[in-house]
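Biologist: Please take a close look at a single part of this structure, the largest nonpolar core, and explain which residues and helices form it.

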Amino acid sequence: PRLAPLQKLLLVRCLRPDRALPAATNFVAAKMDPKFVDPPPPDLESFYEASSATVPMIFVLSPGVDPAQNLMSLANATGIRVASISLGQGQGPKAQRMIEDGCSRGGWVLLQNCHLAASWMPEMERICEQLDPNQTHRDFRLWLTSMPAKTFPVAVLQNGVKMTNEPPKGLRANLLRSYAAIDDRVLEDCKKPDALKKLLFGFSFFHAIVQDRRKFGPIGWNIQYEFTTEDLMVCRRQLKIFLDGYEEIPYKVLNYIGAQINYGGRVTDDKDKRLIQFILKTYCCRDLIEQADEYKFSSSGMYFCPTSEDHQGFVDYIKTLPLIPAPEVFGLHDNANITFAQNETLALLNGILSMAPRSGGGGASKKEQVMEETAQVILDKTPPVFDLDKVLEKYPTKYEESLNTVLTQEVIRYNRLLAVMRSSLPEFKKALKGLVVMSEELEQLGNAMFD
């Protein structure tokens with residue numbers, strides 16, 4: 001019989017845990033909607049429309065994400081002045097004066113890194129509580145950014161409008177996030193618009209690659225670097241300056257400032273320094289301009305710079321890319337993805353289990369009874385250990401039969417597992433009855449069976 005989609009997903013989880021996450025992604029996209037697996041870009045405009053003059057707007061920061069640039073772009077688009085300050089030692093009184101000035105004259109006040117000003121947080125809470133709609137300018141907005149911190153005032157957090165912006169996962173999501181911050185005006189605002197479009201796509205692709213390589217652990221980078229969107233913005237501004245100021249495109253200069261200054265300033269390991277220079281040369285080179293979409297970024301030929309004339313054309317191409325990229329686009333072997341994919345699957349399943357209800361409906365469904373019944377069922381189905389001597393007699397380990405050696409090793413491992421099961425399950429049942437002490441290992445065993 002043909003398997004149902006959920007049954008196929010369960011089979012993949014059992015046989016190939018490293019492919020369970022892509023299978024789950026496809027399942028959700030098919031059964032619900034692709035929008036549930038494709039994270040939307042941050043919409044600050046809607047966030048702003050839902051605000052008021054007396055309600056602070058709070059950005060919960062994540063590593064590698066800085067909303068300040070997007071906020072400044074929104075302010076420029078709406079024609080509102082912004083007073084910004086990064087909080088720290090001695091910055092509290094300055095921030096208070098900014099808020100008082102904004103309340104009386106209007107405008108936005110951006111207080112960045114509130115988690116670094118723990119001693120001033122009670123004063124900020126008092127200021128927020130005293131904001132009076134009758135005495136506050138209607139155009140005033142208070143924007144706060146902070147990492148998760150215990151010192152952040154609970155009252156401000158509860159009353160404020162909150163937004164978090166996780167770093168995008170995958171090349172496609174990263175590229176979409178980069179292109180959400182630009183428009184056709186940016187692409188055309190240059191003396192060499194065609195070169196700007198191609199090289200900007202190359203820098204955006206480079207930004208996505210260096211960020212997404214972190215998921216491979218030491219294979220990706222020897223040290224986990226926190227590259228930010230601001231690094232890409234600096235490269236974009238410098239790219240326009242050099243294209244406007246030079247007749248010939250200075251590829252060496254662009255590679256140097258990108259790989260050794262803007263991004264390379266964070267890189268400390270000598271091998272990583274060599275790697276990031278090589279990566280950027282792939283996406284910022286003469287071939288990209290001259291060959292256009294014939295120049296491929298990887299051996300599969302799937303990734304390239306499209307010959308598009310407008311912003312929407314680039315976005316449409318990016319949306320055709322796979323949601324979960326193959327390791328080949330990073331220049332890595334397929335096996336590099338196995339450990340990362342297995343860890344992602346484990347984290348997903350643990351998250352699902354953590355949200356599952358843990359209380360029964362009473363009667364025979366009480367937790368202890370469920371665990372005891374489950375332990376007995378597993379114990380009844382546990383087979384006896386294999387007779388290793390008979391296995392060796394029937395499948396002797398010989399040079400000509402290498403699989404016999406593998407079979408012997410697997411039998412030894414399986415017998416160890418069966419021995420642990422036959423000893424721990426009866427011990428767990430005794431612990432439920434109070435006959436022996438419930439150790440931490442036995443408690444974890446019971447929780448796993450109950451889940």
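Modeller: The following account describes that core and then a salt bridge at one of its helices. This is a predicted model, in which local features need pLDDT of at least 70, side-chain atom pairs count only at pLDDT 80 or more, and totals for chains, interfaces and linings use all residues. Residues are numbered from 1 along each chain as its sequence is written, and side-chain values use heavy atoms, with hydrogens and water left out.

A nonpolar core is a set of buried Ala, Val, Leu, Ile, Met, Phe, Trp, Tyr and Cys residues joined through side-chain atoms within 4.5 Å; buried means under 20% relative accessible area, exposed over 50%, and partly exposed in between (1.4 Å probe, protein chains only). The largest such core has 56 residues, of which Leu199, Phe201, Phe205, Leu254, Ile276 and Phe297 touch the most other members. Several helices (DSSP runs of H or I, at least four residues, numbered from the N terminus) each supply at least two residues of this core, including H8 (171-180), H11 (229-245) and H15 (311-319). Helix H10 gives the most, with 11 residues.

Phe201 has contacts (heavy atoms within 4.5 Å) with Tyr179, Phe297, Phe304, Cys305, Pro306, Phe314, Tyr317 and Ile318, not counting residues up to four places away in sequence.

Helix H10 also holds Lys197. The side chain of Lys197 forms a salt bridge with Glu309 (3.6 Å, N to O), that is, a side-chain nitrogen of Lys or Arg within 4 Å of a carboxyl oxygen of Asp or Glu. Glu309 lies in the loop between H14 (286-291) and H15, 112 residues apart from Lys197. Lys197 is buried at 3% relative accessibility, whereas Glu309 is exposed at 57%.
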